[in-house]
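This report describes a protein model for a reader at the bench. Please consult the sequence and structure shown below alongside the text.

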Amino acid sequence: MSRREQEEAAFHALRPACVAVSEHAFESTLSNLENLLHSRTWPPTPQLVEYCLFPVVKKLKEPRLDEGVLIGCVKCIHAAAKAFTGALRPKVFHDLHTTLVMFLSTKEDMSLSRVLPRKLAEEEKLVLVECVKSLFLAADSGVRELLRPARLPVMGHVIALLLDLAHNERSRSLRVACMATLDTLCLTVRGLSSSMDEALSNCSSNSHQFDVKMSSDAKLDFECAFSLAHFLPGIASTLTKIMRGDEKQGQKVTQAAIYTWTLAVAFVLSDKNFPSTSNGSTSPGTTQPNGSHNGTTAEAAGQHRLPVVAYSTPDWWQKAAVQVNTLLQQLTPLQSHPQWKVRLFVARLASTLLEHCRRSLSASVTILVEMLVALIADGYSQVALVARTALTHFSHHLNTASVPLVSLLEDGMYRAASNLPSVMTATDDRKKLSCTLLLQGYIQLLGPKLSTILLSPRLSQRLFHALLMALEMDTSHASISISHSHDTDGNSAVRVAGAHRQHSQLTFRHFRDEAIAKGLLLSCSLLGYYGDLSSVVDSLLDILLLQPHLHKQVVLVINTAVSGAAGVGLDSVSDLQEQSSTEDFEQHVRFLLTEFTQPSVWHVPTEQPPLPATLLAPSSHSSSSNTHHQSLESRLRIVPATAAAADTILTRDMPATDQHRPVHPLSAEALRSNVLLVCLLLDGVRVFASILGEGFRQFILQSLFHVLEKAGSDNLMIRDAAYACLQAMATSCNYDSVSQLIGCNADYLLNLCTQHLRVLNQYAVATRVMRETLANSDDTLLLLLNAFLDEVLYVLELSTGTGKDLLLIPVLRASVCAVRRWSGVDTLPAAADSGAEVQASTENLAGQLNDLFTSSQSEGDELERDREPASMDEIREFFLDYHQQKGKEKEKEELADDEQEGMDDGEDIQDDSQPNDAKKLPDADNVGVRVLNYCVHLLSVTHVHSSLVVLDTVQQGVRLLQPNQEQLLPLVHQLWSPLLHRVRHTHLPIASKAVDLIAVLAIVAGDFIRKRVTNDIIPIFTAVLQQPVPAKYTQLHTLLLGIFDCLGTLSTKLDLPEEEIVSLSNMCVSYLSCKMPVSVQQAAVRLYKQWARSHGDCIWLLLIHLSSSVSFPTPPSELLPPLEPLTKIPSSITRDLDVNVTELLKCL
């Protein structure tokens, strides 16, 4: 088919749709025409496209168009421009272009409102912008006419309109379309096509720069650059505002702005257009546009009032470079943008400008290089690869290979280090992260050359001081609270599991972003990896000596640098070099361990200094004795004013080197700082062990004692850090557990503890280490323990009355706990757990008691009907049996009293023979006997915390000796008198602990203390039970709950007389009221269940009388008097008791 025939066929195909639009320009007819234009390929004939567009343009120029009709018309123009590419005549192009721009320029306050008296919707604006873009692509010659001076105002209006829409609109697609149209305008004037869509969609490309397209005609390129130079300030500044806008505007908007900005600046300020001044002439392309028509251009420009840009003069280029440099400084924060695609475009921006504008933007080369350097440390490998490739490509263009680049990087690192402290203290997190990444990039780029650069004292000191000031720590999270709860029962598995619990994460004063902290610490690791570790450590230790306030930061940087030197945490580093030898690491570790464990560093105070010994020494014997003999019931409501303060007065020691320090209270900030420093030191030992592995065995003797000392600290944060360190040491040295690590070195540890005990100010250190050693070792230590116990008891005797003896009491407790664990004596139920045992036995009797209750009721019913009296013989036989049973019970009590009197008479004999017997005892029992013998004297100490530890030591000791009653009972006899003083103690926690000990003694000693309990303990308990009910969570409330549990254990294990049980049960009735605290009710119910096990009849009668739902039983015979209630309780009170009484009756 010939061309003419094709045109005729196309005309016949388009005619019906065009006629329909001409007659009725509705949305349907416009849509039909649009679909027809998209349906096939049309011959590019100017007459055909004008025929097709005529009815559409006619309708478009009518006033007051609906939104649907306007969008339909614009879509038809868009489809026609695509279908007839290259067929638009310049006149038609300018007519359509003017019409579309007129609609985009419509404002409510303009005279054009009579054409379109409303604002355009975002959909309409988007369709109009896309249509303008298609017109630019369809009319090359028409667009090129915009370069003429007469048309520059039109071009400027279009550019300003597109920039305004891209900056102020909210629609992301509209903003991207405006910037794509602007990019198309800049390229189509030179006959080139835009590739923004491809650049935005294909971010995975390995290209390190954008494609700055140049036409084959250099003269045309210069004309376009000359024209765009008029609008470059507006384009660059507006796009910069868009790039610096809200991060929520969308990454594609920012990417499109970066792409358009880069291509506009790189094209206008290209080195090809830069004027050459070497011989006084201009560069080949620096003539004015249109060859020799300079005068014409100036005349035309003046006619249209557009100032002519002196594009070829050095002054204009200098001013433009200054303005672009300012804009680049504003774009620096984009290198830390949260979207990796934006950071990728920033890397390509810097690479593109370094490639095309090195001469024209020479003042900005440093900023561009810094952008790439900062992006080398990016977390996304693709961004880092593009930045590294760009820098490598840039180094090839320098005059003398890589030497100038190294010098440039060195100056940049010095500048970044100088700015780091001020940036950290006076800017936002975005700039802080940018500066951090910049410094990290410089260090990573310099690589192995860093070891030579750091030899300069000026640069090394500047760099380390900058890092230390930036890493200033916030100590507010460090805990300075004291916890006295140490696990000495041998539950090492739980404690080792707790070692994996990382102590509170480090926080820094100047920032909270983890990315900033990660970047700074990675920079420290790179310094250790690339630099000479010896020089790095020496420089940091010099700072440590000269500036003590930087202790924490120095230790942190040293730990991180040593880790980096071993390659730990440097997975992102691509060019790994050969690591240092193991011998070098061992030398560094030996030196650092010596520095870390110096007393001035390792033994910084982490708690308030102890008070003078005169304040801690126990009071005189007479006053103590008088205090102890005061009854508890007379002082239940009197708490000494110094009781609360007594808990905080803990006698702790500093090492011998600290004895000259002034004893004055430290501030909370100083204590937190010291706690954090100790944790960092322990973390450093952990790092050393992890690096050396099996090679750390040679340093165990140098470090284990110090770490165990911190593991015994009362500060939980330090304790957790120490256990994490112990776990790392055990794992690195191929020990199965921390217990095996300590057990294999126990002889060395005990020897050091013995040496420390001989120095007065080393008691606390020996106490902590010995406590942790015993808690984490096995029975192989038993032989050494007896020898060490001799030393401890000897020191206790020498330091009695000085207050220092209180420090060794925890060692006695740890010894007893360890021996009990090794001996396997761990089957004793606690006093609080005896309720479960009683509950089980009570449930076994429930059926029998229930049958008894049912049978008594049935018998009562039968007696009501029959009224047959019982015979006198039956009654006489019943009472004879009852008196015989009572006689047997009295004989047993008299026999027990005789045994006790014999024990009192032979006390002196037994005390004299005890040392000879103790020598024949097993080692485990020997430890228990010796400790309990000494605890007889320690029970009278006045220090509150030490009193609690002594009571707990006695409790553990009697549990240990439970199988050996021959040794246990004499010790119980000796402990009883001072124990009574503890039960009557005014400080209620001590009394509560003593009550728990009474319950344990009832279990282990049994009938031996029955009469003592009846005569001494029950009256004290009775006095407490008669007091008003205490408030919840008070010390008296805790004491009351302990008494309830103890009474249950005593009634179960000692078989207390029935009279005592009846008296106590009547006294405790009020605690069954529903008005009592829930915990008190539960304890009282548990107590009645335990009483029911041994004295079910009297408890049953009491509960029957208290119950409002069960009738009181009647005697089975008229000869028997009616039963009298055990106690008379008003009916108003019984209603409050009904819930708990009913529950007890169900169990019975």
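How many salt bridges does the count come to?

## Salt bridges

The count comes to 20 salt bridges, a salt bridge being a side-chain nitrogen of Lys or Arg within 4 Å of a carboxyl oxygen of Asp or Glu. The model is predicted: local features need pLDDT of at least 70, side-chain atom pairs count only at pLDDT 80 or more, and totals for chains, interfaces and linings use all residues. Residues are numbered from 1 along each chain as its sequence is written, and side-chain values use heavy atoms, with hydrogens and water left out.

One salt bridge joins aspartate 315 to lysine 319, at 3.5 Å from N to O. Both residues belong to helix α15 (residues 314-331), 4 residues apart, or about one turn of the helix; helices are DSSP runs of H or I with at least four residues, strands are E runs of at least two, and both are numbered from the N terminus. Aspartate 315 is partly exposed at 45% relative accessible area, whereas lysine 319 is exposed at 52%. Here buried means under 20% relative accessible area, exposed over 50%, and partly exposed in between, with a 1.4 Å probe and protein chains only.

In helix α20 (residues 429-446), lysine 432 and aspartate 429 lie 3 residues apart and form a salt bridge of 3.9 Å, N to O. Lysine 432 is buried, at 6%, while aspartate 429 is partly exposed, at 34%. Arginine 686 and aspartate 683 are 3 residues apart in helix α32 (residues 668-692), and therefore separated by about one helical turn; their closest N and O atoms are 2.6 Å apart. Arginine 686 is partly exposed at 29%, and aspartate 683 is buried at 18%. Elsewhere, Glu472, Arg509 and Glu669 are joined into one network by salt bridges that share partners.

## Overall fold

The secondary structure of the chain comprises 52 helices and 0 strands. Of its 1148 residues, 54% are buried. Contacts (heavy atoms within 4.5 Å) between residues at least 6 apart in sequence join residues at least 24 apart in 80% of cases.

## A loop residue

Threonine 41 is placed in the loop between α2 (27-39) and α3 (46-60). This threonine 41 counts as exposed, at 69% relative accessibility. Its C-alpha atom is 9.3 Å from that of alanine 10, the two residues being 31 apart along the chain.
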